Amino acid sequence: MILLENENVKVSFVQKGAELKSLIHKPTKQEYMWAAEPEFWAKTSPVLFPIVGALKGNTYTYKNKNYTLGRHGFARDRIFDLQQISDGEVLFTLQDTADTWVNYPFKFNLGIRYHLSASSLSCTYEIFNPGTEELLFSIGGHPAFAVPLQEQEQYGDYYLQFNKDEALQANKIVDNLIADETTTIALAEGRLALNHGLFYEDALVFKNLKSDRIALLNSKNIHGLGFSFKDFPYFGIWSARDADFVCLEPWCGIADGIYHDGLLENKEGIEKLMPQSTWKRTWEIDVF
């Protein structure tokens, strides 16, 4: 385990997938991350790269050649290199290899930078294109937060507070692909009450979320977390069936639509990075 710690927060990571595994609020000794119980879902906060979600038929076409990639790409299962910047910051890096070219024919340098500040942890995706051609990619977060936080509480005691939305438009999912059909989810003063049934038909996927901060709160006490994100055009909220967690997922990219033509350059949400250029996005968790 790789540890970062200050007077308020202690966090740990593993090099496989550059994955955040634990986030503890030291004054209350409260763990905020899902415990990765394998009977439900054995991950805690995977990095989604170089795609987010599923491809139609698990394949895409680039320059007249077909490639295969599984759901959410390969970064979450790779061993990242580690650079300890300071007691409060760590940088994980992953580069292309002959092995990655089999499924993804691009040169890339992917950095995952975690930084502690007061009672918050930020995660910055840093992508550099070292090649001579345009880099096409998607990337996203998938952190899973424990719900409930304490044993005497229930899942239904919790809710998500959106800072800018009055109602949500969720795109329906058909065989892991995004349908054009949407459903409206009403919010009560910006609140979405959590219940396991919300996720029985898969994730809630949003293309037009106005909010850039979502708080996970409860009706029993003042403890919770804030999740801030900017410049992520897509967002997912998910939990495994009847599991005690909720994922808040900021995405630059999205699963294929059911009518997608399979061409990578036409994929909705695909990011395009010019040679010798750098791309960055940041999300942040603050706990209380």
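The legends below describe close-up views of a predicted model.

**View 1. Strand β21 and its two antiparallel partners, β20 and β25.** Strand β21, spanning residues 225–229, is largely enclosed by the rest of the structure, because four of its five residues are buried. Strand β20 (residues 213–218) runs antiparallel to β21 and is joined to it by four bridges, with L216 standing opposite L225 of β21, and a hairpin of six residues leads from β20 to β21. Strand β25, which covers residues 278–287, is also antiparallel to β21 and is joined to it by five bridges, and in this pairing G226 stands opposite D286 of β25.

**View 2. Surroundings of the cysteines C247 and C252, in a model with zero disulfides.** The count of disulfides comes to zero, and for C247 the nearest cysteine sulfur, that of C123, is 14 Å away. The sulfur of C252 likewise has that of C123 as its closest cysteine sulfur, at 12 Å, which is too far for a bond, given that a disulfide requires the two sulfur atoms to lie within 2.5 Å. C247 is buried, with a relative accessible area of 0%, and C252 also counts as buried, at 0% relative accessibility.

**View 3. The largest pocket and the residues that line it.** The volume of the largest pocket is about 270 Å³, and its lining is made up of 18 residues, of which R71, H72, H142, D202 and A203 lie nearest the centre. By residue class, the lining of this pocket divides into ten nonpolar, four polar and four charged residues.

Terms used:
Residues are numbered from 1 along each chain as its sequence is written. This is a predicted model: local features need pLDDT of at least 70, side-chain atom pairs count only at pLDDT 80 or more; totals for chains, interfaces and linings use all residues. Side-chain values use heavy atoms; hydrogens and water are left out. Buried means under 20% relative accessible area, exposed over 50%, partly exposed in between (1.4 Å probe, protein chains only). On a 1 Å grid over the protein atoms alone, a cavity is a set of points where a 1.4 Å probe fits but cannot get out, and a pocket is an open set with protein on both sides within 12 Å along at least five of seven lines; lining residues have an atom within 4 Å of a point. Grid points are joined across faces, edges and corners, and a volume is the space filled by probe spheres set on the points. Ala, Val, Leu, Ile, Met, Phe, Trp, Tyr, Cys and Pro count as nonpolar, Asp, Glu, Lys and Arg as charged, and the others, Gly among them, as polar. Two strands pair if DSSP finds at least two bridges between them.
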